[in-house]
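Here are a few friendly notes to read alongside the model. They deal with its pockets and what lines them.

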Amino acid sequence: MNKNKSFLKSLQCASLGLVKPFVTERNMRIHFSVANLIIVFAHFYGLAKTEWAILFLAIGLVITAELENAVDTATSEISQTAKTAKDAAAGAVLFAAIISVAVGCFLFFDIRGIQSALGRVFSSPAVYLPCMALGTADILFIILGGKIKI
């Protein structure tokens, strides 16, 4: 494998490495779709700037761990070492997801805040119809995302 000779080529390879797991990895699509819906909910919940930063760090942690887990071996042979590495990467994703759920519990713990956010979402068709369309798009992305060829 040759090292990229230009910065532009490096960016191109990095972009492909970022996009391809969204097509090939079902769990990446699930994590991304859940994050997408949480971000929309957080908008209506009314997070402070620091809370937004914490939320994006938690989402970034899960997506980064999932990107690491998307690395497959270059051979079709099954190796115990590769299996151990993949299992460890899957464990890292699980741990990141658990931590992110804990962060979400701290950020969204206020029941009145949840009721208020849901009230804002469902108060007007101009708000809830786009939210429902986004949720539908997320479900289709999870189901059909692997059908796209890159």
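1. What volume does the largest pocket have? Keep in mind that this is a predicted model. The computed volume of the largest pocket is about 350 Å³. Its lining is made up of 17 residues, and those closest to the centre are Val 34, Ala 35, Ile 38, Ser 100 and Val 101.

2. Which elements each supply at least two residues of that lining? You can find them at α2 (26–45), α3 (49–69) and α4 (80–107). The largest share belongs to α4, which contributes 6 residues to the lining of the largest pocket.

3. The chemistry of the largest pocket is worth a look too. Its lining counts 14 nonpolar residues and 3 polar ones, with no charged residues.

4. Now turn to the second largest pocket, whose volume comes to about 150 Å³. Ten names are worth picking out on the model here: Leu 37, Val 40, Phe 41, Phe 44, Leu 118, Val 121, Phe 122, Cys 131, Met 132 and Leu 134 line this pocket. Two or more of the lining residues come from each of α2, α5 (111–121) and α6 (125–144).

5. Which element gives the most to the lining of the second largest pocket? That is α2, with 4 residues. Helix α2 also supplies at least two residues to the lining of the largest pocket.

6. By class, the second pocket's lining is simple to describe: 10 nonpolar residues, no polar and no charged ones. For the largest pocket, by contrast, 3 polar residues are part of the lining.

Conventions. Residues are numbered from 1 along each chain as its sequence is written. This is a predicted model: local features need pLDDT of at least 70, side-chain atom pairs count only at pLDDT 80 or more; totals for chains, interfaces and linings use all residues. Side-chain values use heavy atoms; hydrogens and water are left out. On a 1 Å grid over the protein atoms alone, a cavity is a set of points where a 1.4 Å probe fits but cannot get out, and a pocket is an open set with protein on both sides within 12 Å along at least five of seven lines; lining residues have an atom within 4 Å of a point. Grid points are joined across faces, edges and corners, and a volume is the space filled by probe spheres set on the points. Ala, Val, Leu, Ile, Met, Phe, Trp, Tyr, Cys and Pro count as nonpolar, Asp, Glu, Lys and Arg as charged, and the others, Gly among them, as polar.
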